[in-house]
Each structure stands twice: as C-alpha cells, then as structure tokens.
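Got your viewer ready? Load the model, show it as a cartoon, and follow along one selection at a time.

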Amino acid sequence: MVHRRSVSADEYEYDEKSIVVTEAKSYAAGVPAVLVSLQRGVEQMGPGRTAYSLAKLNQRKGFDCPGCAWPETPGHRKHAEFCENGAKAVAEEATRRTVGPDFFATHSIDDLLGRTEYWLGQQGRITHPMVLRPGATHYEEIDWDSAERMIADELRQLSGPEQAIFYTSGRTSNEAAFLYQLLIRSYGTNNMPDCSNMCHESSGSALSASIGIGKGSVSVPDIENADLILIAGQNPGTNHPRMLSTLEKAKGNGARVIAINPLVEAGLRRFKDPQKVGGVVGDGVAIADEYLQIRLGGDMALFQGLGKMLVDADDKAPGTVIDRAFVEAYTAGFDEWIDHIRGVDMDVVLEATGLSMREIRDTAEALIRSEKTIVCWAMGLTQQTHGVATIEEAVNLLLLRGMIGKPGAGVCPVRGHSNVQGDRTMGIWEKMPESFLAALDVEFGIHSPRDHGLDAVDSIRAMRDGRGAFFMGMGGNFVSATPDTAVTEAALRNCTMTVQVSTKLNRSHLVHGRSALILPSLGRTDRDVQASGKQFVTVEDSMSMVHASRGGLRPSSAFMRSEVAIVCGIAEKLFGRDHSVPWASFRDDYDTIRDSISRVVPGFEDFNRKVRQKEGFGLPHPPRDSRTFHTSTGKANFAVNELTWLPVPEGRLILQTMRSHDQYNTTIYGLDDRYRGVKGGRRVVFVHPDDIVSMGFADGDVVDLVSEWPLPDGTNAERRADQFRIVAYSTPRGNAAAYYPETNPLIPLDHVARKSNTPVSKAVVVRLERRRHG
C-alpha cells in the first residue's frame, strides 16, 4: 500500500521577494548533490521507497531515468548510475503524495489557475480519470469507459481529421509512441506536434541535409577517446549531469575540451564526482580547457571564422589541414563552400562573437592538431533564427577534417527528455517518409494520410484560427513548454475538447477546451501488469542505443493505466473491435507491439530478442557505420550560408530563456539554483554588471521585462513579464538570461528558426523597465 501524504494548501506557496542571491558555484556535483538527492527522495518517497528506486535507476533489470537521454557507458554501469536531477525526477514521479477526486472537489479551476507551476507539481500523482464538463467550475471523477467514449464521440463529430491535434512528450516509451502514431494515422491525420519541435528540430533539419540522418553519430566510447571536444550552447551540469562523468574520463585520456557558452556554468568549469574520493575531499576535475563566452547567436560566425582560419592554414601548407581524400570521396559542395568561406570578414566575426582573435585562433589551432574531434551542442544553437545554418557550419568544420565515420569523432546533438529521440524513430513526426508510411499500411491494412501535418507552432496557429478543435497531449505540459503563453492559452481555449494524459498536475490541465479530460498514466517507476503478465517498455537514448525499462513500484492507484492501455482503449472505442489493428492484443502483451515494430521500423528487426540482450542494441547509422550518406547528392553536403547574427539594439538586451538547476523542462523540483547562487525564487534576470550600471539600475533592483517584436508597419509589438530581480552575473555585454516558463510570454509565436520552425527562445530582444508598483 502506498502511503498517501496530503499536502496543505499553502505548503508550497512562496514569495518571490524572499529571493536570496549568493556567489555562484565554481564546480558541479560533489557532496551537496548527494545530500540534495537523498533529501528530495526521502521527502517525497520515504526512506524505503527511495532506497529501492535509486538502486533500480538506470540498471539493467530496473527502469530508465525519466529525466535526460544521456546513455550509460556500455559494460561499465555504476551501482549509483544516476545524477542529482535524475534522483529528483524519480522522487517527483514515485512520490507518495496523491491528487484524487477530493482534491478536485476542493479546488476549482479558478483557484488552481492562481497557483504556481511549482505548487501544482508538488501536489502528487493523479489517481483517477477526471472530467471537466462544459460550464463546470471543478473537475469530477469519470470512469475509463465513459472517458474513452467521450473522446471517440468528439473525434467522430469533427468536420475532418485535420481538426484534431495530437501532442507527444519525449518521455513516452517506444511502444506507446508507436501505437499513438498508429491511432492518429488510422484516424486520418499527421498532426503530431511533439517536444522535438521546440528543441532539436533544428538539429534534425541540419543533419538530415548535411549527412542524411538527423541523429548524432558518436557513442560514449567515442567521447571518452576523443582528442578535442567542443561543447557549444549547452549546460551539462544541470541538463545532462551524467555527461560530466564521460567528460571526466575523456579528460583522463588526454582530451581537450573547449566550452562555448555565454554564461559561465559550474559544470563546464569543474566536476566533482561524488562517487570518487577526489570528488568528496578533493578539487575534482577541470572540464573546460578554454571557456569562450560567446555572444548569444554568435556561434555561426565563430564556426565560419574557424573555417576560414583552417582554409588559410591549408593554403600555407597544402594538404596538412584539409582531409582532401575524405572531401573528394565522400562530400559534395566543397568548391562552393570554400569560395564562400574565403570571403568571411574576420572583423564581423569578432563583432558577432564578442571573442578575441586569440581565442578564435587558439580554437582553430586545436582543430588543426586534433585527429579525433567531436562537436556537442544543445538548445543554445538550435533555438536561434539561424539555428539550422549554425549546425550546418559546425558539420562543415568536421567534414573539412574528415571527422565523420571515424572512431572518436563526429556530431553529438545532446537530446533532452528521455526517449525524445525514440519517439521520432517510432513515427511521431508530422512528415514521416513514404517508406515508413507504406510499411505501416502493409503491416496493418490501413491507409496512412500522406499530407504533412502540423508541428507545435503551426498547431497553436491552427487552434488560434479555429482550424484545430481537438487537442490531446500524451504527457508533457504543452502550455508551459510552448512560446507566446497568452496566444497559446487562448488557442487551447478555442478547442471543443482537450485531453491530457498525465502523471501529475500542471497548468495544461487548467487551460482547457469546452470540455476536458485528465487521464492518469503509469510512469517509468510503476509496475505495469497486463493480461499476459508484467510488461516492460523500451527507450532509445541520445546515442541510438535501445534498451528495456521495467518499473517495479506498486502504482499509487488501481485507476491508473499505462500509456499503451490508454491508447488501445481509445482506439477500440473509436474504430470498433473489428478494426484491422489488433488493439486488444497489443494492450495485453507488449511483445506483440514489438513484433509489429520489427516489421515496420528499420533497424528493429528481431526486436524482442535483441532488446533482451544485456546492453540492448544499437541502431544503424550509415554515416558512422560505413560513411554512407542518404542525402540528395548521395554524399555529405557542405552547406553555404550567409553569415547571420543579432546585433544588440541601443538600450536593449538579448535575452535567452533557460532552466534553473532545480527544474527539468517545465517540471519545477524546487526553488534553488544552487550553481548560480539563487535561492527561494525564480523570477530573476541575469545581466552583466556593466550593463546594469549603464542602463541605470543596480544589482537587486526589481524590473519588468518587455520584449519587442518588429511588425510589418515598422512598429514593435510588445509582450511583458513582470517583477524580475536583477542579478549581476558573468555573461557577455548586451546579453541576459532568465528562467522559463516564466519568460515564455515574451517569445512571439512567429519568432521561429528558419527551416525547422523551432521557437527562438535564445534570442529575444528585451528592455528592462523599472518596477513602479507591487
């Protein structure tokens, strides 16, 4: 029996005026990370449940971390194979706290709308299906059969399948994602926005064009044995902490690490592994040999400047820098690229990056010396208007040096949510290729729609404009994950029905259509038992390894269902029991799902046998495996891009949104950003000390943030986020940073990356206004 601890109404309320700011940390992890992990676990789960869960986390017979997608080192799993934020994620999911019908009877929608995301998330696991009927002020309990019929009836009443929008969070398992897209395509639409649209869509667009596959080409052993690792636009200390252990090993093997990031981040400076003596009583390991504090959006200029320096070096000593054999045998577009790169103006590069010539020259020399180079990146590159082009320029550098399809070298887009990459592999994409759709049709006797569907931004536009009437979210928190909060919320309220499949309460449950449903699902930590017995699911990590995940905890309620069972139940009501897809068999035995996946998805042949192997199995990656490039030219493509960057307007700042150390995506674990020295609140804006003075403010002042978006008539549209405390911090002049989702209202819906349509959250023009009230 799970102990159900109640939470008082005000227990997790807080006052932003009580924020305390101290000196930022100079290292990541260490003993404090262990203590915080244990504290949060015991607080949420109790000591016994904490010990059991952490012992099973990321272990072969256990469950995959519900946090990030960083892989384990093959054959070298530790007894404690988790990080601080992974432990927090488990504590949040395996909490003893519950949210049942009594909670919803007590709290109206209006009451809950006045609560913070932190307060909502701390209430506990949702235990029963809940419905909000038209005009009602409170959710009320509903049985599963009635909930499924409501959804099926609503979908049948739409004027066409294109009015339905189906969102997917990155934490959905391979099995659930495959069935979800099968339900959606059987219904007749490709409207499948997912969390990838908001994060690594730019990576997929760039890599598909450059090397023919939108996935990274390296493994953990590659990183451990690299000569040079560039880490650009990424904060592994908070977002992928287990990556630091891999970097520590690479450093021990002689690797040079160059960090390229506007903010000074603790994890990129020094790592203290708490599982080693040196991480407990010693100074740990310095991670970055060089730390390039680049201006926001200047990475493209840096990569082009480095390309010019490498070409110039090869001109002076022909054949010593450019890998001519690789370029001639495996690439296309080199001549056009080299003509363009010779014309790059280094003065513009210096202005765009804010770096010194020495810093850029030293980086170029490191690239020349290295025989095994890896470029890692995350949202700092992807969430720019020129994010796709920036990643293409990084790939250009690697192609120039022959660093694709070579051990210890390649591209490493570091994915966020666990299985976000697997969901895309399983077909969660609005533009799946014909080969996948044809195989799906043959396997199930359906006719998948061929017209491309809507991504996240276009889905919001469709709901805003009345072209989308039904929204279903398979996990996640769509309202808080997307830009332009006021527009997004109004769009969802235009719907006739919204459905959220969730483990815990979030704001998306409160911003609803005319009617709304909350369907409580099992999480990674929960035991999943179906008609054929105990089930397991599978996930794909950031480096294309597929392995099993087995939850072991007794669910908090008998009314929770697995995501697989939820999809199958809706499908049976929508299509009837005579449908060509065997939904009941899929729900009863997940092996049958994997058998179908093995016949539809390339690389998953003999899925059930391979995933039961000790370490799971790796998916094929043609550029890495055989230097085969499935591009338009049949080769790896050099990309030619005009240099783009964002100058800082007079009296303004360029703002990036980011996570605190006490959150993962939209889930707020706590109110302390230990590494940046912020405690007790979240509404802070990090600004260079000289900018604070020049703009007439002082460290500690409270200001409103106002974003400015140019309109066709030459005026600016403005968006506002109120009451942020200024924090002096080491960041380039003209740049600033603040946490999301609090700053999501500042990001215009139309502020998107070219080609990928990813919201540009790392380049928002803002001004600071002195707070005159409150």
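What follows is a walk from the whole chain down to a few strands and one helix.

**The whole chain**

Keep in mind throughout that you are looking at a predicted model. Start with everything selected: the secondary structure comes to 32 helices and 34 strands. The radius of gyration is 25 Å, close to the 28 Å that the globule rule gives for 774 residues, so the chain is as compact as a globular protein of that length. Turn the C-alpha trace around and you'll find that it spans about 75 × 65 × 60 Å along its principal axes.

Now switch on a surface. The chain exposes about 26,500 Å², with carbon and sulfur atoms supplying 50% of that area. As for the inside, 64% of the 774 residues count as buried. Among contacts with a separation of 6 or more, 78% are between residues 24 or more positions apart. Colour by charge next: there are 88 positive and 98 negative side chains, and the centres of the two sets lie 4 Å apart.

**Select 735–739**

This is strand β33. Are its residues buried or exposed? 5 of the 5 are buried, so the strand is largely enclosed by the rest of the structure. Show the side chains here. In a regular strand they alternate between the two faces of the sheet. In β33, Asn735, Ala737 and Tyr739 point one way, while Ala736 and Ala738 point the other way.

Which strands pair with β33? Add 653–658 to the selection: this is β25, which pairs with β33 in the parallel sense over 5 bridges. To find the register, look for Ile654, which stands opposite Asn735. Then add 684–687, strand β30, which pairs with β33 in the antiparallel sense over 3 bridges. Here Phe686 is your marker, with Ala737 as its bridge partner in β33.

**Select 702–710 and 716–728**

These are β31 and β32, an antiparallel pair held over 8 bridges. For a landmark, pick Glu708, which stands opposite Glu718 in β32. Follow the backbone from one strand to the other and you trace a hairpin with 5 residues between its strands. Stop at Gly714 in the turn, where phi is positive, at about 90°.

β31 has another partner to show: add 764–770, strand β34, which pairs with β31 in the antiparallel sense over 5 bridges. Leu705 and its bridge partner in β34, Leu768, mark the spot.

**Select 28–29, 270–272 and 285–286**

Here 3 strands form an open sheet in the order β2-β10-β11, with mixed pairing. β2 (28–29) and β11 (285–286) stand at the edges, each with a single partner strand, so one side of each is left without a neighbour in the sheet. Zoom in on β10 (270–272) and β11, which pair in the antiparallel sense over 2 bridges. Arg270 stands opposite Ala286 in β11.

**Select 84–93**

Last stop: helix α3. How many of its residues are buried? 10 of its 10 are, which leaves the helix mostly covered. Put the side chains on as sticks and read along the helix. The buried residues include Ala87, Ala89, Val90 and Ala91, and also charged ones, among them Glu84, Lys88, Glu92 and Glu93. An α-helix has 3.6 residues a turn, so residues three or four places apart point the same way. Use that to sort the side chains as you rotate the view.

Methods. Residues numbered from 1 in each chain as written. Predicted model: local features only at pLDDT ≥ 70, side-chain atom pairs only at ≥ 80, totals over all residues. Heavy atoms only, no water. Helix = DSSP H or I, 4+ residues; strand = E, 2+ residues; numbered from the N terminus. Rg over C-alpha atoms; globule rule 2.2 N^0.38 Å. Buried < 20%, exposed > 50% of the residue type's maximum accessible area, 1.4 Å probe, protein only. Contact = heavy atoms within 4.5 Å. Areas by Shrake-Rupley, 256 points an atom, 1.4 Å probe, with all protein chains shown as cover. Charge placed at Lys NZ, Arg CZ, Asp CG, Glu CD. Pairing = 2+ DSSP bridges.
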